Amino acid sequence: MPSTARISKLLVANRGEIACRVIRTAQRLGIETVSVYSDADRNALHVRLASEAFRIGPAPASQSYLRADRLIDVAKRSGAQAIHPGYGFLSENTEFAELCASSGVTFIGPPANAIRDMGIKNTSKEIMERAGVPVIAGYHGNNQEPQFLLEQARKIGFPVMIKAIRGGGGKGMRIARSEAEFHTQLDSARREALKSFGNDDVLLEQCIEQPRHVEVQVFGDQYGNYLYFFERDCSVQRRHQKVIEEAPAPGISPETRVQLGEAACRAAAAVGYVGAGTVEFIMDAKEKFFFMEMNTRLQVEHPVSEMVTGVDLVELQIRVAEGQPLPMRQDQVRLSGHAFEARIYAEDTPAGFLPTAGRVSHLCAPAAEAGAVRVDSGVRSGDDIGVFYDPMIAKLIVWGPDRPAALQRLCAALRDYQICGPPTNRDFLLALAGHPSSRPAGCTPASSSSTGTACWLRRRPAHASWRWPPSASSCCAARQATVGLADFRLNHAHREAVHFRLGDGPGSKDAHLVVEASPDGLLTVHGGGEAEALRVRARLLPPDERGRRRVVIEEAEAAQADSGSRLSGFDLFLEADGSALSLFLGDRQHLLQVAPPKWRSAVSGAAAGSGSGVRAPMPGVIEKVLVSPGQAVKEGEPLVTLIAMKMEYVVKAPQAGSVAKVLFAEGQTVAKNAELVQFEAASS
């Protein structure tokens with residue numbers, strides 16, 4: 001029998017942007033909200049938005065957000081009748097759905113049996129075959145013996161996709177391109193799957209090179225009714241995780257669109273699905289599609305479906321959980337315009353998209369426009385991006401009457417998005433959105449996602465090809481005015497020398513500048529070093545209503561003009577201690593640091609030693625130490641396994657040699673560039 005109890009108080013068993021997004025819809029519906037938080041999230045935005053908030057444990061997810069017993073306890077203590085799991089964490093956990101049911105708490109999601117059947121990928125593929133949904137060739141059996149799996153991989157033919165049978169989000173997924181690397185990739189996939197889902201069983205599939213990832217948003221109610229809210233194209237990915245999504249999928253025929261939707265509804269009906277779900281397909285160039293998996297939850301990218309249909313999917317989830325039937329027929333679900341979503345991550349793109357961490361010192365998002373521009377985020381200026389959770393900072397969602405208009409609006413919104421602190425993928429997203437492959441109506445940015453990514457990394461190395469422009473010198477002048485002169489009234493011209501560094505990596509560049517500030521507020525810069533033969537006159541404007549500072553260039557002379565000399569102005573952000581500025585210049589964001597005195601660099605360099613150690617490429621937690629002091633290793637041999645923000649990274653020996661000392665133990669947290677292993681190269 002359908003459950004028909006109205007929900008007046010809702011516990012949101014998640015964090016970050018999805019918790020904030022669910023809370024806002026619930027509040028609009030007049031529903032009281034309860035949030036939960038770990039020690040790391042004590043001051044997070046989702047905690048502030050909810051009516052009540054309860055601590056559930058320390059920072060590691062295994063001790064907080066994955067503790068089903070504590071979530072049920074909070075629901076009972078707070079009087080919440082229902083739990084919304086968001087995505088990730090326990091959203092696709094069968095045992096949690098069953099625990100909610102046995103505790104008398106409504107789980108806003110599908111029945112436990114549907115989660116079980118669709119969450120185990122080999123089982124779901126068998127069900128799909130019986131339901132007449134196309135399935136890709138592979139091995140989905142129970143025999144998990146490594147040698148047997150290798151034999152199956154040989155039968156399928158390399159390259160082979162190794163996928164954890166539980167979970168999603170690219171976790172526990174590896175590609176074995178040859179027999180020689182099969183066992184290494186299998187072990188890596190299993191370790192990550194066990195860490196993420198508590199189960200290391202895998203399946204094997206034929207790897208389709210450069211496919212389109214097309215998924216369908218489906219909904220079912222408690223009365224056997226099913227709807228599809230059209231498809232999304234999620235082909236733009238890195239590390240098997242989506243970064244730009246769009247709806248509808250561009251270039252597919254109306255007939256294929258209907259076939260996709262009907263196949264997705266058959267998939268949902270086959271398991272008695274209730275609530276929001278996403279059926280994912282792989283599509284080739286001829287629009288032939290194959291079932292990949294079903295995510296039995298709300299997807300990260302659900303806002304693009306909301307933008308093109310005008311339906312609040314979270315509200316629909318709540319209504320269905322209350323026992324209400326779906327409020328429309330399929331022919332009443334209208335498709336209007338085109339939408340894009342870009343995920344802004346804290347990550348070091350030039351370093352291979354490695355997660356980053358740190359405090360967000362400045363965040364200024366584009367202004368929201370009803371039905372046109374939307375920003376879903378759980379991060380504010382002053383918040384810390386830690387190593388325990390996913391590094392996504394925000395989702396930037398835009399709509400346009402057609403695809404070109406939506407793509408243009410996406411680029412404009414990305415340019416208007418300012419964030420300082422940990423490095424982000426904002427510039428990368430702009431490059432992808434502006435890449436020629438993203439413009440034709442029949443293509444997605446990812447139909448050449450790997451190509452686009454590779455081109456970006458080749459064309460836009462961090463700071464390496466950027467000359468010191470007049471705009472940067474104006475920025476330096478503004479820094480001196482802001483830091484050194486803000487509290488004084490100038491009766492005479494002020495003159496000061498300063499040494500700046502562009503960037504903080506191997507490609508960083510130096511410039512020696514002389515800044516003059518006149519009583520009328522005009523700033524003049526004379527350059528030396530990288531900025532030699534350069535003279536700029538500029539004026540720093542007061543902060544606008546969004547806290548942005550703008551520099552207006554009034555005059556610029558340079559020996560070598562570049563794009564910076566043609567700018568009339570730009571935005572900047574100055575760190576509170578005056579140590580660095582971020583310059584927002586067109587499609588790029590640049591970091592300008594005040595270089596330390598040479599004597600300080602010399603002292604710190606001497607104290608650091610010879611620098612022969614192997615260092616952490618990203619902040620994280622030591623998952624496994626694979627070597628011991630005195631051990632001889634070969635070039636490329638694994639030394640340490642590092643986990644950061646749900647990503648596993650294996651640190652390898654840079655060359656043959658021996659381990660002198662291991663500096664961290666398993667379970668310890670390390671900073672980026674921390675020395676992990678002292679290493680002695682083999683004598684030649």
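Helices (H or I, at least four residues) and strands (E, at least two) are DSSP runs, numbered from the N terminus. The views below show a predicted model.

**View A. Asn-673, a residue with positive phi.** Asn-673 sits in the loop between strand S38 (669–670) and strand S39 (675–681). Its phi is near 75°, a positive value in a residue other than glycine. Asn-673 has a relative accessible area of 47% and is partly exposed.

**View B. Phe-89, positive phi and ring contacts.** Phe-89 is not a glycine, yet its phi is positive, at about 45°. The residue belongs to the loop between strand S4 (82–84) and helix H4 (94–102). Phe-89 is partly exposed, at 28% relative accessibility. Phe-89 also joins a cluster with Tyr-65, Phe-388 and Tyr-389, linked by ring pairs.

**View C. The largest nonpolar core.** This core has 91 residues. Leu-10, Phe-281, Phe-291 and Ile-393 have the most contacts inside it. Domain 1 (9–108) and domain 3 (212–442) both contribute residues, so the core lies between them. Another core, of 28 residues, lies apart from it. Among the residues of that other core are Leu-11, Val-36, Tyr-65 and Ile-72.

**View D. A salt bridge between Asp-312 and Arg-28.** The side chains meet at 2.9 Å, N to O. Asp-312 is in the loop between helix H10 (302–309) and helix H11 (313–321), and Arg-28 is in helix H1 (residues 16–28), so the pair ties together parts 284 residues apart in sequence. Asp-312 has a relative accessible area of 18% and is buried. Both residues belong to a network of salt bridges that also links Arg-21, Glu-306, Glu-315, Arg-319, Glu-322, Arg-374 and Asp-376. Across the whole structure, a search finds 38 salt bridges.

**View E. The salt bridge of Lys-125 and Glu-205.** The closest N and O atoms are 2.5 Å apart. Lys-125 comes from helix H6 (residues 121–130) and Glu-205 from strand S9 (residues 202–206). The pair links distant parts of the chain, 80 residues apart. Lys-125 is buried, with 0% relative accessibility. Glu-205 is buried too, with 2%.

**View F. The salt bridge of Arg-329 and Asp-331.** Here the closest N and O atoms are 3.2 Å apart. Arg-329 has a relative accessible area of 51%; the cut-off for exposed is over 50%, so this residue counts as exposed. Asp-331, at 48% relative accessibility, is partly exposed.

**View G. Phe-158 and Phe-182, an edge-to-face ring pair.** A pair of aromatic rings is described by the distance of the centres and the angle of the planes. The structure has 11 aromatic pairs. For Phe-158 and Phe-182, the ring centres are 6.4 Å apart and the planes stand at 75°, so the pair is edge-to-face. Phe-158 lies in the loop between helix H7 (146–156) and strand S7 (160–164), and Phe-182 lies in helix H8 (residues 182–197), so the pair ties together parts 24 residues apart in sequence. Phe-158 is partly exposed, at 28% relative accessibility. Phe-182 is buried, at 0%.

**View H. Tyr-228 and Phe-230, an edge-to-face pair.** The rings are 5.8 Å apart, centre to centre, with 90° between the planes. Tyr-228 and Phe-230 are both buried.

**View I. Arg-238 over the ring of Tyr-345.** Arg-238 lies over the face of Tyr-345. The distance to the ring centre is 4.3 Å.

**View J. Two cis peptide bonds, each before a proline.** One cis bond joins Phe-158 and Pro-159, with omega about 0°. Pro-159 is in the loop between H7 and S7. Another cis bond joins Ala-247 and Pro-248, with omega about -5°. Pro-248 is in the loop between strand S12 (241–247) and helix H9 (254–270).

**View K. Cys-20 and Cys-265, two buried cysteines.** Cys-20 has a relative accessible area of 0%. Cys-265 has a relative accessible area of 14%. A search of the whole structure finds zero disulfides.

Notes:
Residues numbered from 1 in each chain as written. Predicted model: local features only at pLDDT ≥ 70, side-chain atom pairs only at ≥ 80, totals over all residues. Heavy atoms only, no water. Core = buried A, V, L, I, M, F, W, Y, C linked by side-chain atoms within 4.5 Å. Buried < 20%, exposed > 50% of the residue type's maximum accessible area, 1.4 Å probe, protein only. Domains from an automatic or database assignment. Salt bridge = Lys/Arg side-chain N within 4 Å of Asp/Glu carboxyl O. Phe/Tyr/Trp six-rings, centres within 6.5 Å; stacked < 30°, edge-to-face > 60°. Lys NZ or Arg CZ within 6 Å of the ring centre and 35° of its normal. Disulfide = S-S within 2.5 Å.
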